[in-house]
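Biologist: I have a model open and want to learn how to read backbone angles and burial. Can you walk me through some cases?

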Amino acid sequence: MPAVSKGDGMRGLAVFISDIRNCKSKEAEIKRINKELANIRSKFKGDKALDGYSKKKYVCKLLFIFLLGHDIDFGHMEAVNLLSSNKYTEKQIGYLFISVLVNSNSELIRLINNAIKNDLASRNPTFMCLALHCIANVGSREMGEAFAADIPRILVAGDSMDSVKQSAALCLLRLYKASPDLVPMGEWTARVVHLLNDQHMGVVTAAVSLITCLCKKNPDDFKTCISLAVSRLSRIVSSASTDLQDYTYYFVPAPWLSVKLLRLLQCYPPPEDAAVKGRLVECLETVLNKAQEPPKSKKVQHSNAKNAILFETISLIIHYDSEPNLLVRACNQLGQFLQHRETNLRYLALESMCTLASSEFSHEAVKTHIDTVINALKTERDVSVRQRAADLLYAMCDRSNAKQIVSEMLRYLETADYAIREEIVLKVAILAEKYAVDYSWYVDTILNLIRIAGDYVSEEVWYRVLQIVTNRDDVQGYAAKTVFEALQAPACHENMVKVGGYILGEFGNLIAGDPRSSPPVQFSLLHSKFHLCSVATRALLLSTYIKFINLFPETKATIQGVLRAGSQLRNADVELQQRAVEYLTLSSVASTDVLATVLEEMPPFPERESSILAKLKRKKGPGAGSALDDGRRDPSSNDVNGGVEPTPSTVSTPSPSADLLGLRAAPPPAAPPATSGAGNLLVDVFSDGPAAQPGLGPTPEEAFLSELEPPAPESPMALLADPAPAADPGPEDIGPPIPEADELLNKFVCKNNGVLFENQLLQIGVKSEFRQNLGRMYLFYGNKTSVQFQNFSPTVVHPGDLQTHILPLAVQTKRVAAQVDGGAQVQQVLNIECLRDFLTPPLLSVRFRYGGAPQSLTLKLPVTINKFFQPTEMAAQDFFQRWKQLSLPQQEAQKIFKANHPMDAEVTKAKLLGFGSALLDNVDPNPENFVGAGIIQTKALQVGCLLRLEPNAQAQMYRLTLRTSKEPVSRHLCELLAQQF
């Protein structure tokens, strides 16, 4: 509570606080508070002639009750009345109550603003400071609009007291941070900058804070502050501790102002004026010299203040990066802190040296401390300090010390904290690649990484080594030999199996001459790991096996036996089942020449930025780019060929993956190899855009349909059934669709791609394509928050016919990860087969936990009967003949309706084409009308459809007529299409 004079003490408040403290239970406290609230309420309502002291006392009690956590819904007007008092204590309590309890949208804001205006105009410095403090504490836009023009005037006024100027500067800073557009500084800029010359150090300190914030947005307007800041800093640095007695803190003159001035100078490049620059360099040298002097006090406050100025000085030296002498001196000074007993100083020294290491002037000086940094990595107790040591080793690495640093980081990795293992793995992978002169050393390093910390080796890392081995002929044999030996270990990490499967599948022939690594031995070694691996790795190994049949014909019978095994052909996972069937058929049917062509060695990958470096930049955050991009330091370093990372599957075409929703600056993590791709796009999941790759099979409609053919002669329902249906809720377990579900569905009747749903948490995008009675849909789930989604479970259900229980659609879904990180996106693939005509679309139920609270929503999946339209071209005579044949009343559906959108012929044409029918020209006698024809393809039957759309631009009306061979289809298509216009 605010301090009050002895004669002005509030005994009633003291007694109330004492009573609250003496309460034995929560119930007793609430009872005492309710009694006091009733008493205060009666006083405010009953006695209209309360004096200022009583109002102040009761408002103080209300404030205390609020701070205890209870709601206060009265007393605001009495607090506003206190603002008009001429007593400081009463006015102070009024402003305090308003600052804490009054909402910025309160109806009392106008009255409060009037009282503040009166105090600002009173010229009483105490009252003016109270008013400025209130404006800063509330900080609402309304107050900003009311006083933004007055506060700069008070700040630069010649007759304003120093305390008022301080308050005005800080108040203006608060308003600027809240609403930058409300603070017009144009006419006041020069006078605000001139405050740096003020005699009062408090005014200068507040002014520096304000100018630092303002110059970040408009640096040119405040450029004149550089010379004034240097001048003021020079006076402080060169002064003795006795010169600024009021602002000397433990023998350090004005430490806070010094730090603020140094930060202000970091907003600009080095001064252009030689005199100003010389004076600044002199100041920086003085600070570095004082750091070498013995301390004037043993108290921690003295060293803290002294070191604060020193580290800010070093930050300015690093920012300028133009004074070699200062940079080397700064590095030497930081080197002394590396062995300081204070943990915080060691942390700050390591962090600053990371930045110094990127400077061409100080890089060599930083390298002299490599032994100390390695020792810190091994012996530091604090994990954050060890992490900074790893960062510094990464930053100081170049060709001369790369092997030593990588070796030490690998040794540390065996005992490193789990929190930083992934980052160290990425750093080792980048350094090994960047400074690899001997590529065998690079291969050994990456395989060691996988052996030591396989769980933390991301796909980017092992994809990268595969790409490099593929691009370098001179290392392929060594890589095959090394990975073969690594696979012989009893406990072998799954990532090692992936790397081994790929490399042996591509280059196993290079070591096949040795009886110890003959083709049967290679196959047996890989297959011994098969049953221990995940589905994705098994799929990769199956691709390796088919490669072996091409490389080593003698293994054909053995591998065909494995592929023919029931565990593969009838595997519950459709991916493994399809690969086994396709590879077995390929090895049996194709000739040797065809097999060699299809399974030829992977071509070199085109050069591109390393995805490992991109991942490390994302992991370190947006500000880490300059620290990580150290190509300037060693321009002669020969990066290993960059490029698109290889997809371990060499036969299948990966599914297209795109950042449809734009939720991530970084691309999504790589999906496991998949065979059910659509089209011929190979997406480099580690780059910002897709890279074209020629498809192995046909790309037109036949290729699409062949990809969706059942891989084994089983019923479509057996193929498309979910491998674990018991985990998915049935139709009765899913809640009703959200109210806007129909509106969202209508947007996709005539288009296949777009955002299906979006709220503050989740964004769902759709990308789909349909051919005949088959379709494939990609659902993209984007987490728009910074919090991870837990138990994420999207499920697709089709109720079907409730009488016959026959499903009109067969939908196969692939499960997605149960966790979706903040700002990340996951993709789900749906394969759809239309078995018969249907009227209701499938339901998409999405369930997850956000911040511990369960979330669920149900949408209508944009799969409507018109998606299976096959456009049909026909002559006018054929059209009218068919039109007459469909003349039964139940075969026709007609609707006359008013246009909901502007009647544009081109837009109408586009919508009809998007609906799926073919538009027939020169059929209708009226050229303004539209005529279309098509066939709805289902597995059970085909439904012919003819349509005619007659627009009446004058009446802004349409008449839509549809004729099909099935009555329900006619009505349903008519309703769907009418809603589009």
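Modeller: Gladly. Keep in mind that this is a predicted model.

Biologist: What is the usual sign of phi for residues other than glycine?

Modeller: Most of them have a negative phi. Now to a case here. R123 is not a glycine, yet its phi is positive, about 65°.

Biologist: Where does R123 sit?

Modeller: R123 is in the loop between α6 (109-120) and α7 (125-138).

Biologist: Which residue other than glycine has a positive phi near 70°?

Modeller: That is F251. F251 lies in the loop between β1 (248-249) and β2 (252-253).

Biologist: Now burial. How do I class R123 by its relative accessibility?

Modeller: Buried means under 20% relative accessible area, and exposed means over 50%. Partly exposed is in between. R123 has 38% relative accessibility, so it counts as partly exposed. F251 has a relative accessible area of 42%, so F251 is partly exposed too.

Biologist: And V469: buried or exposed?

Modeller: Buried. The relative accessible area of V469 is 1%. V469 belongs to helix α25, residues 459-471.

Biologist: Which residues does V469 contact, leaving aside its neighbours within four places in sequence?

Modeller: V469 is in contact with V443, V475, Q476, A479, I503 and F507. Take V443 from that list. V443 and V469 are 26 residues apart along the chain. Their C-alpha atoms are separated by 8.3 Å.

Technical notes: Residues numbered from 1 in each chain as written. Predicted model: local features only at pLDDT ≥ 70, side-chain atom pairs only at ≥ 80, totals over all residues. Heavy atoms only, no water. Helix = DSSP H or I, 4+ residues; strand = E, 2+ residues; numbered from the N terminus. Buried < 20%, exposed > 50% of the residue type's maximum accessible area, 1.4 Å probe, protein only. Contact = heavy atoms within 4.5 Å.
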